[in-house]
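Me: Please take a close look at one part of this structure, the hairpin at the chain's end of the sheet and what it pairs with. Then place the remaining local details around it.

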Amino acid sequence: MKGNVKILSGIIIFISILFSQSSCKKEENPNIKLGRINFAIDPNSTQFIRLNTVGGWEYITTQAPSRGVIVYRNTPDEFFAYERTPPNSPNECFNGDNYTHLVVDFPWVIDTCMDAKYNIITGGIQEGPGRYPLYRLKAVYDGITLRVFNNK
């Protein structure tokens, strides 16, 4: 009897994992066209003083076609990184030199062109027009170095 329960439990877990992986794929944002992003920083250095504490954020300059990255420190060991290209209308506003970037107005990330507001922790849209959340990059912290990258 116990053997059957274990087998049945294993089958249920397997089916649950299989279903969750197939139905929860992240929808790709067709508006964001990035090259390879891959950099490492020491978030505890004086160069990135605002990242030294929980709730701190910094703009990091990257190579085009990226418009830069917003790095946010959520906990002592957890960081979020977002592409600064507006996710819903990236080429809507041109100021003569550049297209707009996202700006931080903590705890929000603002698309000043479209007047959209995003949550800096979840990346989700809070107010304004749009379908897509902020474009999140991978952020891996080993206690010393924070590595930010995409899969390109």
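**The hairpin and its surroundings**

Reply: L146 in β10 is the bridge partner of Y141. The model is predicted: local features are reported only at pLDDT of at least 70 and side-chain atom pairs only at pLDDT 80 or more, while totals for chains, interfaces and linings use all residues. Residues are numbered from 1 along each chain as its sequence is written, and side-chain values use heavy atoms, with hydrogens and water left out.

Strands here are DSSP runs of E with at least two residues, and helices are runs of H or I with at least four, numbered from the N terminus. Two strands count as paired if DSSP finds at least two bridges between them.

By that rule, β9 (residues 136-141) and β10 run antiparallel and are joined by four bridges. The two form a hairpin with four residues between them. In the turn, G143 has a positive phi of about 100°. Within this pairing, R147 of β10 stands opposite V140.

R147 also stands opposite A40. This belongs to the pairing of β10 (residues 146-149) with β1 (residues 38-41), which is antiparallel and has four bridges.

K138 gives another view of the hairpin. This residue lies in strand β9 and is partly exposed, because its relative accessibility is 39% (under 20% is buried, over 50% exposed, and in between partly exposed; 1.4 Å probe, protein chains only). The C-alpha atoms of K138 and F149 are 5.4 Å apart, although eleven residues separate them along the chain. Neighbours within four places in sequence aside, K138 is in contact (heavy atoms within 4.5 Å) with R147, V148, F149 and N151.

The hairpin is part of an open sheet of six strands, in the order β1-β10-β9-β4-β3-β2, with antiparallel pairing. At its edges are β1 and β2 (57-60), each of which pairs on one side only. From one strand to the next, the twist averages 25° (axes are lines fitted to C-alpha atoms, for helices over the stretch in contact, and angles run from 0 to 180 degrees between N-to-C directions).

The loops come next. S45 sits between β1 and β2. S45 counts as buried because its relative accessibility is 18%. Its side chain reaches the backbone oxygen of D42 at 3.0 Å. This is a polar contact, meaning a pair of N or O atoms within 3.5 Å; within protein, one must be able to donate a hydrogen and the other to accept it, and residues adjacent in sequence count only if both atoms are side-chain atoms.

Most residues other than glycine have a negative phi, and most peptide bonds are trans. Three loop sites depart from this background. The bond from A64 to P65 is cis, with omega near 15°, and P65 lies in the loop between β2 and β3 (69-75). The bond from F106 to P107 is also cis, with omega near 10°, and P107 is in the loop between β5 (102-105) and β6 (108-111). D115 is not a glycine, yet has a positive phi of about 55°. D115 is in the loop between β6 and β7 (116-119) and counts as exposed, because its relative accessible area is 62%.
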